Structure formats: C-alpha cells, structure tokens
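Visitor: I'm new to this one, so could you walk me through it and tell me how you know what you say?
Guide: Happy to. Take a look first, then ask away.

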Amino acid sequence: MEFGIVELSRLQFAVTVMYHFLFVPLTLGLSILVAIMETVYVMTNRPIWRQMTKFWGMLFGINFVLGVATGITMEFQFGMNWSYYSHYVGDIFGAPLAIEGLMAFFLEATFVGLFFFGWDKLSKVAHLTVAWLVAIGSNFSALWILIANGWMQNPVGAEFNPMTMRMEMTDFFEVLFNEVAQAKFVHTVSAGYVTASVFVIGVSAWYLLRDRHVELARRSITVGAAFGLAAAFSVVLLGDESGYSATHSQKMKLAAIEAMWETHEAPAPFNLVGFPDQEARETHYAIEIPWAMGLIGTRSLTTEIPGINDLVAQAEDRIRSGLIAYEALLEVRENRDATDPTVMATFEEHSADLGFAFLLKKYVDNPLDATEAQILAASNDTVPMVWPLFWAFRLMVGLGFGFIATMLYFFYRASFKGMNFPRPALHLAVWMIPAPWIAAELGWFVAEFGRQPWTVDGVLPTAMSVSALSMTEVALTLAGFVIFYTILFIVEMGLMLKYIRKGPFQDVEETEAWNTRHNDRLAGRKNPDSIAMPAE
Amino acid sequence: MILHELMSYELLRVIWWSLLGVLLIGFALTDGFDMGVGALLPFVAKTDIERRIAINTVGPVWEGNQVWFILGGGAIFAAWPPLYAVSFSGFYLAMFVILAAFIVRPVAFKYRSKRDDPRWRSVWDWSLFASGAIPALLFGVAVGNVIQGVPFHFTDDLHTIYEGAWYMKFIGLLDPFSILAGVVSFAMLVMHGGAWLTLKAQGVVQLRARMIGSIAALVAVGAYVLAGLWMAVGIEGYRIVGDYVTNGPSNPLHFEVERTSTWLSAYADRPWITVAPLIGIVGGLLTFLGLRAGREVSTLLFSKMAILGVISSVGLTMFPFIMPSSSDPQSSLTVWNSSSSHLTLFIMLVATAIFMPLILMYTAWVYKVLWGKVTEADVSENSHSVY
C-alpha cells in the first residue's frame with residue numbers, strides 16, 4: 001500500500017482517538033461508581049463511604065483531565081485533517097457534536113470543579129447531586145458522540161444535495177434513533193462500566209494483598225463486582241445487538257469480521273478460529289460452529305447472510321450506477337438554473353450510489369474516465385483487510401466473556417462469602433487491570449477499521465475525505481501529538497501509581513482542622529445535618 | 001418535518017451568525033480570564049503560595065469555561081460546516097499550537113500541586129503561562145488574518161485548496177496588521193485576567209494584578225484604536241456584487257465578490273454599528289480606571305463590556321462576510337453561502353434555546369457557590385484537595 005496523505009491522516013486520527021479512548025472508558029464508569037459510593041455515604045452517613053468517594057474521586061480526577069485534554073483534539077481534528085469530510089457531512093455530523101457540547105460537556109465540566117472544590121461549600125445532598133450531574137454529563141457525551149459515529153456506520157435521515165455538493169439532513173429523528181447508534185451507545189458505556197469495575201476491583205485487590213485499607217478495599221470490590229456484573233452482561237448482549245444491526249446496515253463489515261468469503265446457505269456457521277487469506281479469499285483451518293452465525297446475525301434459521309464475494313459483485317454494480325449519478329450530477333451543476341427534469345430524474349434514481357463512483361477517485365481524477373480494470377479494483381477496495389478484524393473481534397469477545405466470569409466470581413465471594421477473597425483471585429484481579437482497555441481499543445478498531453474504505457459507509461470514501469495538506473504538516477502535527485501525548489501519559493501513570501500507593505488520605509491533622517472549621521460553621525446554622533461530615 | 005419552515009432560512013442564518021458571536025464572546029468572557037490569569041501568573045505571583053492562590057481563583061471553573069472553546073468548535077461544525085472545514089485546515093499549524101495549549105493547560109492545573117518538588121511545579125507554572133499567553137495572542141492574529149482575507153479557493157466539488165507553501169500557513173499569518181490584532185486580543189485578555197484577580201485575590205497578588213492589568217487595558221485600547229485607523233487607510237474590504245439570494249443553497253461558488261477600498265464603509269451604511277467600537281473603547285478605559293481605583297465587581301463588568309464591544313465590532317463591520325478569500329474573492333465565505341441546511345440550523349436553534357438558558361443558570365449557580373476571595377488559608381487548609 002502506498003503511504004500518502006490519506007494514510008498519514010488516518011494514522012493520526014487512529015493515534016489520537018485511541019489515545020483519547022484510554023481515558024474515556026474509565027471516566028464513564030468511575031464517575032458512576034463514585035456517585036454510587038457517595039449515595040451510600042449520604043444514606044448511611046458512615047465516614048468510610050465518604051473516604052471511598054474521595055479516594056476514587058481523586059483517581060477519577062487524574063484520569064478525567066486527560067480525557068478532557070485529549071478530547072479537545074477530537075473536536076477540531078475533523079476540520080484540520082478531514083476538511084472535505086467536514087464539508088460533505090457537517091450538516092448532519094456536526095449537529096450531535098454541538099449538542100454534545102451543549103448538553104453534556106457543559107454539565108460535566110461545570111460541576112466537576114464543584115465536585116472537588118465544593119466539599120465544604122455544599123450540603124451533603126447538594127454535593128451528591130453534583131456528583132451525579134458529573135456522571136450523567138459524562139455519559140450523555142458518550143450518547144451524542146455515538147449518535148455521530150453511528151451515522152458514519154449507518155447514514156440514515158440524510159440525502160445528497162447537488163446544489164451544495166454535500167449530504168444534508170432530512171430527518172433528525174432518524175439520525176437520533178439510528179439503531180446502530182443506540183446499540184453502540186449502550187455497548188460503549190457498558191464497556192466503560194466494566195473498565196471502571198475491573199479497575200476498582202484490581203486496585204482494591206492490590207490493597208488486600210498488602211493488608212492495607214482493608215475496609216475500603218472490600219467494600220470497593222463489592223460495589224465494583226455488583227456494578228461490573230451487570231455491565232459485563234450488558235456489554236456482551238449489546239455487542240450482539242450491534243452485530244445484529246450490522247446485518248442490515250454494514251454487511252461487508254460483518255462478513256469481514258467473520259471472514260465469510262462465500263454466501264452460505266442459511267443458517268450460516270460461525271468461524272470460531274481460522275486463518276483468513278485475503279489473496280485466496282478463503283479461511284484456512286477454520287473451526288466452525290454450525291448455525292451460530294445465522295442465529296447471531298439474523299436471529300433466524302432461514303435468512304441468508306451475504307459473503308464477501310457476493311458483496312464485491314454488488315459493489316461493482318453500485319459503482320456503475322454511481323457513475324450514472326456522477327455524470328448526471330455534472331450536468332445538474334452545469335445548468336443549475338435550468339436543469340433538464342429527465343437529467344434530474346436520472347440523478348435522483350442513482351444518487352444513492354454516488355459514493356461508489358467516488359471510490360474511483362483514488363485511481364482517476366474524473367471517475368467517468370475509469371477503465372474496466374479500475375472499476376474492478378475499486379470494487380475490490382470495498383473489502384477491508386480481513387485478518388486484523390477477524391482476530392481483533394475474537395479477542396474482544398473472548399475478553400468480554402472473561403469479564404462476565406470474573407465479575408460473577410467476585411460478586412459471589414462478596415455476597416455469599418463475607419467479602420473474603422482468596423489470594424490467587426486477588427492476584428488475578430490485579431493482573432486483569434489492563435484487559436478492559438485492550439478490549440475497548442479492539443472494539444474501536446473493529447468498528448472503525450471495519451468501516452473502511454469509507455468514512456461514511458457507502459457515502460464518502462476515506463481517500464476523498466482528507467484536507468489538502470502537505471505530508472510535512474501532517475507529519476509534524478502527528479509527531480507533535482505523539483510526543484506530547486506520550487509525555488502526558490507517562491506523567492499521568494506516574495501520578496496514578498503515586499496516589500494508589502499512597503492510598504486514601506488519613507491525615508489526622510487535616511481531619512482535625514476540617515472538624516474545627518466545620519464546627520465553627522455549624523454554630524451558625526439551624527440545620528447542622530445539612531452540612532457534609534468530614535472523613536475519619 | 002416542516003416545522004422549520006416557520007422560520008425563514010435567511011433569518012436562521014442571521015440568528016446563527018449572531019450565535020457565532022455569542023459563542024466567541026462567551027468564550028472570551030469566561031475562558032478569557034483563565035488565559036489572562038495564566039499569562040499573568042509568573043508576574044503577579046512569585047512564591048508558591050501566591051501562585052496557588054492565583055491558580056485556585058480559576059481552579060474550580062476553568063473546566064467549564066474551556067467548554068466554550070469546544071462548543072465553539074462544535075457549533076461552527078454544525079452551523080457553518082464550510083467555515084469549519086476551511087479555517088481549521090487553513091490555519092493548520094496555528095490550530096495545532098492552540099490545541100497544544102488547550103491540552104497542556106488542564107493537565108497543568110490538575111497536576112501542578114500533586115508533587116512538592118519545586119522544579120515540577122515550576123514546569124507546570126510556565127506551562128500555564130504559555131498556554132494562556134500563546135492562544136490569547138494567536139486568536140487575535142487569526143482575526144487579523146480573517147479581516148484581511150485568507151488565501152484559499154474552492155474546486156468545483158468544493159474541495160478547499162490553500163495557496164502557498166505549508167510553512168507560509170504559519171509564518172504567513174504573522175503580518176504586521178495581524179500582529180497588531182494579536183496585541184489587541186492579548187492585552188485585552190490580560191486586562192480581563194487582571195480584573196478577575198482583583199475580584200478573587202487579595203494582598204500582593206491583587207496589587208500586582210491591578211498594576212499590570214491597568215497597563216494592559218491601556219495597551220488594548222490603544223492597539224484597538226490604532227487597528228481601526230489602519231483599517232480606515234490600509235486594509236481592503238470585500239463586498240458581494242450582482243444579484244444574489246439570501247435564502248439559497250450554501251454554495252460559495254454561486255456568488256460574485258469583489259474587493260473594496262475599506263471595510264469601514266459599513267459604518268456609513270449602518271451607522272448604528274458605531275456603538276460596538278464605542279462600547280469597546282469606553283469599557284477598556286473604565287476598566288483602566290476601575291483597576292487603578294481598586295474597584296472589584298464593577299471592574300470585571302467593565303472588562304466584560306470592553307470584550308463584548310471589541311469582538312462584536314469585528315463581526316458587525318464584516319457582515320455578511322465571515323471569512324473572505326484574498327486569492328479568490330469568489331470563494332469567500334459569507335452568512336448567505338456557508339451555513340448548514342435550513343433544517344439543521346433550525347434543529348440546532350431549538351437545541352440551543354433549550355440548553356443555553358440551563359447552562360447559564362447552573363453556571364451562575366456554581367459561580368455563586370464559589371463566590372468570595374481565595375485566601376492563603378483556603379489553600380493551606382485544603383492542601384490536598386485544591387490545586
């Protein structure tokens with residue numbers, strides 16, 4: 001593969017988004033876990049829960065800030081590196097992004113300051129409300145960004161406008177209730193909840209292994225396991241839902257994940273493992289589970305799932321249809337004040353395939369000049385690289401089932417064995433900490449790499465989406481981001497480890513001082529219970 | 001969906017043009033003092049405790065303030081996609097520098113006081129300085145470039161092509177007029193930061209902030225007036241010629257644009273807009289007086305007034321242009337040719353009408369909870385939880 005501006009821009013996007021996604025899952029889940037802990041504190045008034053809230057809240061803060069910092073890049077990168085994409089679909093894609101800012105970012109960012117700075121400025125209930133608003137804000141932001149991303153996977157509620165040379169929204173509610181987006185949202189936030197649960201259990205296990213902060217650690221594991229168990233089931237079920245919705249929206253992605261070259265008679269088998277061979281278009285040494293693919297993909301025994309070869313043939317047809325649309329588009333643009341109705345009709349008939357004609361732009365400036373060989377090459381381009389998808393998917397799913405098992409075990413020990421955890425299980429929990437991050441990154445990879453060669457499935461090819469930049473510029477900023485992010489990541493990990501080692505604050509002096517000030521203020525209030533109590 | 005037909009496309013475009021202004025002004029009013037405090041930090045606060053006081057005046061609110069910047073990006077994307085596409089890819093390296101500043105700043109706030117090592121703290125203090133000062137300057141430089149026009153054109157497919165070598169997209173931004181515009185924005189935000197510290201800090205930090213802030217206020221007013229005079233004699237303007245529609249499809253290539261001798265003819269066509277620069281100048285002078293006199297609340301209000309006047313004067317002078325093209329005036333982005341579709345503008349307006357009042361309400365509540373000065377005792381007693 002030639003390495004040009006498109007590949008470099010993709011690399012930059014992949015690096016920055018996957019980096020961003022190191023911090024997001026923990027933010028999503030830990031914000032809720034912290035709010036749950038604070039809820040228990042407010043309900044029971046037991047200082048241990050306040051201490052837990054503060055301790056996990058502080059780790060949340062260290063992580064949150066890098067999620068915010070790396071998220072800024074994402075909001076602007078579309079315009080910087082993907083300016084044609086921004087022009088072409090901004091009318092639809094921009095809206096959820098802006099609403100994300102209005103509805104979610106303001107909420108979480110405005111209140112997160114108060115969460116850390118408001119302990120002795122707010123009543124207990126008010127502080128608890130702030131904690132929940134931060135959690136809700138974080139989770140809302142996932143909703144809107146996944147509505148935006150869901151539209152890239154399954155572009156509904158929009159049509160091409162030849163006058164403005166871009167896609168324009170026709171139905172906001174279709175964009176909003178896009179089945180792909182909704183399944184993705186729950187799948188992604190659940191992944192975040194699993195991440196936070198594994199993190200909390202892992203760190204607590206580390207304390208238990210060293211006999212430190214035992215009360216805090218046991219309770220944290222209990223909360224983490226209960227929450228994590230529900231989340232682990234949800235992440236697998238909604239992952240399945242995503243797969244099901246891909247059956248009708250992204251057939252090629254599904255076939256590639258499955259390395260299903262030929263259309264199989266329904267119900268198709270599921271390739272458990274195997275070695276996909278893109279050249280030969282077959283999967284060597286495949287171990288199949290009969291019927292499973294048909295059941296997962298279509299939830300029926302009779303519906304067929306098309307294989308890659310058939311999909312390539314369909315793509316070729318759509319390229320030819322797209323060329324008709326492209327030719328008509330040029331005429332419509334030429335005579336925009338007096339368009340021949342028959343030309344317009346031709347355009348409208350084929351406009352859904354316009355994006356397929358753009359696949360040829362990689363080979364020729366004017367798609368109408370494309371040779372037969374180029375059309376064939378372009379239709380082959382619609383197949384993403386299969387083996388990375390095949391394996392990333394299997395690894396992710398395997399980890400998902402692993403999380404269910406882990407959570408079940410810890411939940412059982414916490415609920416029925418008096419929060420006693422055997423040492424090997426605690427060791428395992430510590431070692432498992434990185435696993436949800438790996439699973440989450442694999443999930444992104446499958447979703448985004450599997451969408452190639454499109455930025456917007458069937459509408460706009462990736463190769464056409466980039467800005468007209470020089471390699472130097474993109475290379476400079478890529479290097480800048482990598483260096484910059486790496487430094488920040490090292491600093492973050494250093495602080496995280498420092499504060500985990502240090503453990504919850506049990507600074508006697510600070511607590512004394514806090515108590516004195518607290519009592520002073522209580523003297524002037526009628527309702528003393530409404531002010532938060534200090535930790536032990 | 002036909003509800004959006006209730007409002008004309010033209011009206012929605014004008015509303016979104018003013019909302020663009022509201023966002024920029026909202027950003028400058030809130031995040032502006034964060035940047036100002038950052039730029040002032042090494043000069044108003046010398047010891048560690050002084051620095052912590054200065055930092056903690058913005059500590060609980062910078063995160064919310066920064067969202068104005070992010071929302072600005074998102075709203076431009078949603079309401080003005082061509083502007084989003086052209087400006088961010090056009091100011092590519094400058095954007096990277098601004099992003100870098102906005103990435104390092106949260107981390108600096110959060111991590112600075114997490115270790116006791118003085119070198120560690122000093123590195124983050126200087127990061128806070130750079131991440132405040134550099135964007136404060138660059139935002140003005142960008143505005144200076146937009147006023148003069150930016151060298152880009154569209155292809156028939158509406159691909160944006162930027163003229164010139166890649167490094168010129170950065171070095172080329174730094175012409176004398178744009179640098180002057182940068183001085184205006186830099187001095188204005190330093191003034192705003194000074195006004196904020198006057199309100200939130202005490203003692204020596206406040207004294208120094210008042211001193212530097214008042215100088216900045218004079219510089220801002222002086223540079224602003226100078227830039228206005230320069231625009232009267234040396235900067236060309238743009239205008240749309242021929243017949244055009246204000247409710248047609250958003251396609252810049254459907255318009256004819258030519259250059260004029262000056263932007264300031266707008267003041268002859270629409271004399272009422274003179275009020276904007278007047279508010280800017282008077283606000284700046286009042287801020288100067290307020291800082292000198294040590295007035296706290298009113299000075300911050302005057303400073304806000306100055307920012308409001310200065311930013312809105314740029315938009316009102318250029319209307320309906322948003323981003324003219326110097327190399328191919330026909331490609332210029334205006335209110336009439338670079339918005340989203342009728343439906344999207346309407347939906348975004350509904351979303352804004354629902355959420356903006358909520359945001360303003362809860363932001364006001366948070367500021368109210370945090371009302372009062374940040375003192376040495378606040379910082380030392382809560383050493384673990386504050387910055």
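Visitor: Why is Leu158(B) called buried?
Guide: One thing up front: this is a predicted model. Now, Leu158(B) has a relative accessibility of 2%, and buried means under 20%, so Leu158(B) counts as buried.

Visitor: Where is Leu158(B) in chain B?
Guide: You'll find Leu158(B) in the loop that links strand S1 (152-154) with strand S2 (160-162) of chain B. Its phi is near 65°. That is a positive value in a residue other than glycine.

Visitor: What does phi look like at Ala259(A)?
Guide: Positive too: phi of Ala259(A) is near 50°, and Ala259(A) is not a glycine. This residue sits in the loop between helix H8 (251-258) and strand S3 (270-277) of chain A.

Visitor: Is Ala259(A) buried or exposed?
Guide: Buried. Its relative accessible area is 2%, and the cut-off for buried is under 20%, so Ala259(A) is on the buried side.

Visitor: What makes H8(A) mostly covered?
Guide: Just go by the count: 7 of the 8 residues in H8(A) are buried. Among them are Met252(A), Leu254(A) and Ile257(A). Lys253(A) and Glu258(A) are on the buried list as well. Right after H8(A) comes Ala259(A), with that positive phi.

Visitor: Why does Gly101(A) count as buried?
Guide: With 2% relative accessibility against a limit of under 20%, Gly101(A) counts as buried. Gly101(A) belongs to helix H3 (residues 83-117) of chain A.

Visitor: How far apart are Gly101(A) and Phe233(A)?
Guide: In sequence, Gly101(A) and Phe233(A) are 132 residues apart. In space, the C-alpha to C-alpha distance is 30 Å.

Visitor: Why is Glu331(A) called partly exposed?
Guide: Glu331(A) comes out at 40% relative accessibility. Buried is under 20% and exposed is over 50%, with partly exposed in between, so Glu331(A) counts as partly exposed. Look for Glu331(A) in helix H10 (residues 308-334) of chain A.

Visitor: Which residues form the negative surface patch with Glu331(A)?
Guide: From chain A, Glu327(A), Glu334(A) and Asp340(A) join Glu331(A), and Asp156(B) comes in from chain B. What makes the patch negative is that Asp and Glu count as negative.

Visitor: Which residues make the nonpolar surface patch?
Guide: Phe275(A), Tyr285(A), Met385(A), Trp387(A) and Trp391(A) make that one, and its area is about 630 Å². Trp387(A), for instance, is in helix H14 (residues 386-416) of chain A.

Visitor: Which peptide bonds are cis?
Guide: In chain A, the bond from Gln452(A) to Pro453(A) is cis, with omega near 10°. Pro453(A) is in the loop between helix H16 (435-449) and strand S5 (454-456) of chain A. In chain B, the bond from Phe319(B) to Pro320(B) is cis, and its omega is near 0°. Pro320(B) is in the loop between helix H12 (297-318) and strand S5 (321-323) of chain B.

Visitor: How many helices and strands are there in chain B?
Guide: Chain B has 14 helices and 6 strands.

Visitor: Then how do you know that chain B is as compact as a globular protein of its length?
Guide: The radius of gyration of chain B is 21 Å, and the globule rule gives 21 Å for 387 residues, so chain B is as compact as a globular protein of that length. Its C-alpha atoms fill a box of roughly 65 × 50 × 40 Å along the principal axes. Of the 387 residues in chain B, 61% are buried.

Note on methods. Residues are numbered from 1 along each chain as its sequence is written. Chains are lettered from A and ligands numbered from 1 in the order in which they are written. This is a predicted model: local features need pLDDT of at least 70, side-chain atom pairs count only at pLDDT 80 or more; totals for chains, interfaces and linings use all residues. Side-chain values use heavy atoms; hydrogens and water are left out. Patches are made of residues with over 30% relative accessible area and no salt bridge: like charges are joined within 9 Å, nonpolar side chains (Val, Leu, Ile, Met, Phe, Trp, Tyr) within 5 Å. Accessible areas come from the Shrake-Rupley method with a 1.4 Å probe; for residues, only the protein chains shown count as cover. A salt bridge is a side-chain nitrogen of Lys or Arg within 4 Å of a carboxyl oxygen of Asp or Glu. The place of a charge is taken as NZ of Lys, CZ of Arg, CG of Asp or CD of Glu. Helices (H or I, at least four residues) and strands (E, at least two) are DSSP runs, numbered from the N terminus. Buried means under 20% relative accessible area, exposed over 50%, partly exposed in between (1.4 Å probe, protein chains only). The radius of gyration is taken over C-alpha atoms; the globule rule is 2.2 Å times the number of residues to the power 0.38.
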